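Me: I am new to this structure and would like a close look at its largest pocket. Could you walk me through that part, and then through what lies around it?

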Amino acid sequence: MFQRILRVVCMGVSLVGASVALAQQSVPTPADVYGELFEQVQLNAVYPDSKSFVDALPNRPPEQVLSEYRELRKQPGFDLKKFVAERFSTPPNVASDFRTVAGQDVRQHIDALWKVLERKPEDQRPHTSRLALPHRYVVPGGRFNEIYYWDSYFTMQGLEESGRHDLTLDMIANFGVLIDNYGHIPNGNRSYFLSRSQPPFFGAMIELAAVKEGDAIYKKYLPQLVREYQFWMDGVSSLKRDSAHRRVVKLPDGAVLNRYYDDRNSPREEAYKEDLATAKLAGPGAPEIYRNLRAAAESGWDFSSRWFAGKTLATIHTIDLIPPDLNSLLYRLELTIAKGCELNADPSCAKEMKGAAQARKAAMTRYLWNQQAGAFTDYDWRAKKLNAQVTAATVYPLYFEIATKEQGKAVAATVRSSLLRPHGLATTSLATGEQWDEPNGWAPLQWLAIQGLKNYGEDQLAATIAQRWVGKNLQVFKATGKLVEKYDVDGDKAGGGGEYPLQDGFGWTNGVLRKLLTLYPKLAQ
């Protein structure tokens, strides 16, 4: 089915399997470029943040830098830190110096901040890991000075409210270019991100833009929507039951669902030293530890107890799990493609894609609905059991209207009893020190929960989450003049935990807050 749709929609232009892998491999990463210099810089923590070196700007051609390193390192007293400092500029910490004007309304602050976070094609520098893009885009802020896939959907929510529809369209166009060039949308526009994607919100972005653009945008991006889908479904046609290939899992009854994955099984270059330390703790019995770490990064939840087989990061087993969030997104992508096919006068394609969506919905009900928990939870396809842990991922089937009315009501009750906190929705109910666990709350999950609950008539609970979350955002904003990446929904602090310090900026926080203040204007008072 998938190859037929690809042929029809893309008029014979194919970017599949091996060619996609070749496209990824043809772009050298910092580890490829700098070899043993990369390894020594990361292992010796020349920069406090491992991401700094892979994003650094060399002041001379990389081959010259490496040649000089190989020669100079032989000399007595060689100083690696000094060598690197003389040849590289560290990337800026985006928006760290941006402060609100005294007495400025937070909406005005956000509208002004978009310009600080905006990047233009002419900003591209040579010899960096950043993949050039032909249109403008918004970066999250802080250490994140590139476009991020799933962040952008929530950023767009605010751009639309700020009257920046033009920037929404530019970002969508960039994602289309990434699909054309690499066969998928990578985690972000960095060479070291090409082996993985992020939660596939491209179809949802098209729907968001269609509010103003109309149906023409579905036809315009139909080839890219199909290629995006093919990336996530690669290998399904030859997959045997009770087995997996890349991001696809075929279950014992023949049902097909998806998992997060990464095409590389090596330490993440932007967290090289950290991943080696985790692998050491995991021991030799965890041969795919790096792929599991990378797969969690593809999920956007890096890191969370939801991916652990035990109590620590060293027990991570992401690729064993079938998540409700990813499969909800792919359900909506299938329907988005179906609509594009209808508009393209291809009823056969539309029928097949609607059928795929309904089959996925049925499989999600069979495998991911946890009646005892009253929530959608991750399914361990190797162990053949549902995970008991309730996480905020349970709101995705409500946002994309997959849940039945009864399931929606049950999820609302579970959210109220298990995840609702004084300042918004908790990500999980376990405190592990990982950033996608208690006590952190995240803007994208608040938005998905609020709109998802509204879809099922749970307006009061949605309003409660909105009131608590917006209140927390404004509390920190009034105290610091900043909007940050995540928030402590239990206490008085901003968020914390994870591999790096709290970042400000911050794209998706700005976007969701701007949207919520339109839906609930009294919360700004």
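**A walk around the largest pocket**

Reply: Happy to. The largest pocket is lined by 36 residues, and those nearest its centre are K51, R143, F144, Y148 and Y500. Please keep in mind that this is a predicted model. The volume of the largest pocket comes to about 610 Å³.

Let us look at what kind of residues make up that wall. By class, the lining of the largest pocket has 16 nonpolar, 8 polar and 12 charged residues. Two elements, helix 4 (51-55) and helix 8 (149-161), give two or more residues to this lining. Helix 4 supplies the largest share, with 3 residues.

Next come the enclosed spaces. The structure holds 3 cavities of 30 Å³ or more, and the largest cavity has a volume of about 50 Å³. Which residues line the largest cavity? They are V138, V139, P140, I147, Y148, D151, S152, T155, G507 and W508. Look for Y148 in that list, because you have already met Y148 among the residues nearest the centre of the largest pocket. Helix 8 and helix 21 are the elements that give two or more residues to the lining of this cavity. Helix 8, which also contributes to the lining of the largest pocket, gives the largest share here, 3 residues. Sorted by class, the lining of the largest cavity has 6 nonpolar, 3 polar and 1 charged residues.

You can follow helix 21 from here to a helix packed against it. Helix 7 (residues 106-117) and helix 21 (residues 507-519) pack at an angle of about 145 degrees, and their axes are 10 Å apart. The crossing of helix 7 with helix 21 is left-handed. On the helix 7 side, the contact is made by V106, R107, I110, D111, L113, W114 and L117; on the helix 21 side, by G507, N510, G511, L513, R514 and L517. G507 therefore turns up twice on this walk: in the lining of the largest cavity and, with heavy atoms within 4.5 Å as the cut-off for contact, in the meeting with helix 7. The residues of this contact divide into 7 nonpolar, 3 polar and 3 charged.

The second largest cavity has a volume of about 40 Å³. Its lining is made of K120, P121, D123, Q124, R130, A132, L133 and Y137. By class, these are 4 nonpolar, 1 polar and 3 charged residues.

To round off the tour, here are two sheets that you can find in the model. One is an open sheet of 3 strands in the order 5-6-7, with antiparallel pairing. Strand 5 (243-245) and strand 7 (256-258) stand at its edges with a single partner strand each, so one side of each has no neighbour in the sheet. From one strand to the next, the twist averages 25 degrees. Strand 6 (residues 248-250) pairs with strand 7 over 3 bridges, and V249 has L257 as its bridge partner in strand 7.

The other sheet is also open, with 3 strands in the order 8-11-12 and antiparallel pairing. Strand 8 (321-322) and strand 12 (385-386) are the edge strands, each pairing on one side only. Strand 8 is joined to strand 11 (residues 379-380) by 2 bridges, and I322 stands opposite Y379 in strand 11.

Note on methods:
Residues numbered from 1 in each chain as written. Predicted model: local features only at pLDDT ≥ 70, side-chain atom pairs only at ≥ 80, totals over all residues. Heavy atoms only, no water. Pairing = 2+ DSSP bridges. Helix = DSSP H or I, 4+ residues; strand = E, 2+ residues; numbered from the N terminus. Axes fitted to C-alpha atoms, helices over the stretch in contact; angles between N-to-C directions. 1 Å grid on protein atoms, 1.4 Å probe; cavity = no way out; pocket = protein on both sides within 12 Å on 5 of 7 lines; lining within 4 Å. Points joined across faces, edges and corners; volume = space filled by probe spheres on them. Nonpolar A, V, L, I, M, F, W, Y, C, P; charged D, E, K, R; others polar. Left-handed = near helix turned anticlockwise from the far one by under 90°.
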